[in-house]
Amino acid sequence: MKITTKINLITTAWIICVLLAVNAVVFFSFMKITVNMEDSELFQKADYLINEINKEDSQSVIKEKLTPYLTNQSFIRIVQPDAKIINQVTNDQQLASKIKPKFTSEKGTERRTIRLNHQEEQIAIVRVPIQAHGQVVGTLEFGEKLVGLETGKDLLLSILTFCTILGAVLSLLGGRWLSNLIMRPISNMINTMEDIEKSGIPKKIVIQHETKDELQKLAVTFNRMIGRLEENLEKQRQFISDASHELKTPLTVIKSYADLLLRRGLQNEEVAHDAIESIHLEATRIQKMTERFLDLADTESGNRLEAKSINVVALCELIFKQLKSAYKREISLHYQEPDISVVADEVKLKQAIIILIDNAIKYSKDKIDVYLKEKEQWTIISVKDYGIGIPECEIENVFERFYRVDKARSRETGGTGLGLSIAKNIMKQHQGEIIVRSTEGVGTEVELFLPKGRWKGNVFE
Ligand SMILES: Nc1ncnc2c1ncn2[C@@H]1O[C@H](COP(=O)(O)OP(=O)(O)OP(=O)(O)O)[C@@H](O)[C@H]1O
Ligand SMILES: [Mg+2]
């Protein structure tokens, strides 16, 4: 069943229940109030009559006194203690004969339903004792057909039934209109999602009115999600195209040397040696490139970090020891405190530091300085070289994937143009920052900013 139909039926059922409850209260209150009013009116008449009748009055005088009090269909009679009628006036003989006389020494009312002219009729009877010298000598009985009550009851019932039906119909129509109004954005969303499912192309929902309600919030969140999806798809597409382009050059080189080897290499030892060396070089390049691809994918996937407290001084000393023996370059570490700790993923932080030192080694010939500083809420690792530097207009591009300032030179140094992108991703994962300052021909300084101690359990938040 459609949700609109469900909402509609539920609200209508609820409104009918509420109307029935209200109608019941109105109906029973009306009945009670009207009956009480009729009773007190009869009592009042009876009291007047008792005061008017004298013991000495003859039967005919009493009759004369009783007659004016008769209403449309009623009877008035005086009943003796032995339940015999001494005096009676009535304008409905049939009614009077149906109600048996009753003597009572206590004031009271009685309600009876009797069959008159093949119809059920409501009769009200009040009985008031007649006293003489402190003794009850008879009962004044006043009986009346409740004509007004019956008509009022019927009329009220018809009005209430009509109102209930009208309420239910209005609720059905209104509920339909309201649920359609509420469901329209959701139906829009469903249609868009179905389109996306069919075509496989992310698509945003058109927000027609600024309603600022939960549904608009839902649509905005959905659109934001689609926006990110589009962005990621675009990134993925771009990456595949860039990566295949990057892989194409070394593969072409490998293929052409392999061809050369096939054609002439085995006859000429020198050519064979050159070809194998070039193939080895390009294969190493591809190997490094694929490692970088994996690192990039890993740092972009948003995997949680294995954060723990690390002493950066000790970490840098360890890295330098490994790099110094491989590159034979002078790297100096500067710090004020021997224990500067940060909360970070050790493997990833080490990877980011190596990327910066690797660049400093590749793009400079002089010594390299590494500074460890603490400033406000940040721990800063700064790598400074005195090499070729980066032109000012290129600085903002160096974090782009595959971007290299000097392509030809990068081929010589074996750069893939992914190092700084990976370092930036790592800093992003740590909620830190990376800043490059450089002057062409003078040198470059790259700073890693790590926030101090923001972690929960052993996971960086
Ligand atoms: N210390 C530096 N001095 C001069 N230029 C630099 C320095 N660091 C980076 N660059 C420039 O920025 C570009 C991007 O650097 P990045 O580390 O991302 O790539 P790469 O070093 O070329 O390759 P990879 O690090 O993946 O092997 C480099 O190609 C280089 O032109
Ligand atoms: Mg690099």
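These are questions and replies about helix packing and a ligand site in a predicted model.

Me: Why are helices α6 and α10 called roughly parallel?
Reply: Helix α6 (residues 269-300) and helix α10 (residues 419-429) pack at an angle of about 25°. Angles under 35 degrees count as roughly parallel, and α6 and α10 are therefore roughly parallel to each other. Their axes are 9 Å apart, and the crossing of α6 and α10 is left-handed.

Me: What makes the contact between α6 and α10, and how do its residues divide by class?
Reply: From α6 come Arg292, Asp295, Leu296, Asp298, Thr299 and Glu300. From α10 come Gly419, Ser421, Ile422, Asn425, Ile426 and Gln429. By class, the contact of α6 with α10 has three nonpolar, five polar and four charged residues.

Me: What makes the pairing of Arg292 with ligand 1 a polar contact?
Reply: A polar side-chain atom of Arg292 lies 3.0 Å from an oxygen atom of ligand 1. A polar contact is a pair of N or O atoms within 3.5 Å, so the pair with Arg292 qualifies. Arg292 is also one of the α6 residues in the contact with α10.

Me: Which residues come nearest to ligand 1?
Reply: Of the 21 residues around ligand 1, the nearest are Asn359, Asp385, Thr416, Gly417 and Leu420. An N or O atom in the side chain of Asn359 is 2.9 Å from an oxygen atom of ligand 1. For Leu420, a backbone N or O atom lies 2.8 Å from an oxygen atom of ligand 1.

Me: Why is α7 called oblique to α8?
Reply: Helix α7 (residues 312-327) and helix α8 (residues 346-362) pack at an angle of about 45°, with their axes 11 Å apart. Roughly parallel needs an angle under 35 degrees, and roughly perpendicular needs 65 to 115. The angle of about 45° fits neither range, and that makes α7 oblique to α8. The crossing of α7 and α8 is right-handed.

Me: What makes up the contact of α7 with α8, by class?
Reply: It divides into 13 nonpolar, one polar and three charged residues. Among them are Leu315, Ile319 and Phe320 of α7 and Leu349, Ile353 and Ile357 of α8.

Me: How do you know that α1 and α4 are roughly antiparallel?
Reply: The axes of helix α1 (residues 3-52) and helix α4 (residues 147-199) cross at roughly 160°. Angles over 145 degrees count as roughly antiparallel, and α1 and α4 are therefore roughly antiparallel to each other. Their axes come within 8 Å, and the crossing is right-handed. The contact of α1 with α4 has 19 nonpolar, 13 polar and three charged residues.

Terms used:
Residues numbered from 1 in each chain as written. Chains lettered and ligands numbered in written order. Predicted model: local features only at pLDDT ≥ 70, side-chain atom pairs only at ≥ 80, totals over all residues. Heavy atoms only, no water. Axes fitted to C-alpha atoms, helices over the stretch in contact; angles between N-to-C directions. Helix = DSSP H or I, 4+ residues; strand = E, 2+ residues; numbered from the N terminus. Left-handed = near helix turned anticlockwise from the far one by under 90°. Contact = heavy atoms within 4.5 Å. Nonpolar A, V, L, I, M, F, W, Y, C, P; charged D, E, K, R; others polar. Near = heavy atom within 4 Å. Polar contact = N/O pair within 3.5 Å; in protein donor to acceptor, adjacent residues only side chain to side chain.
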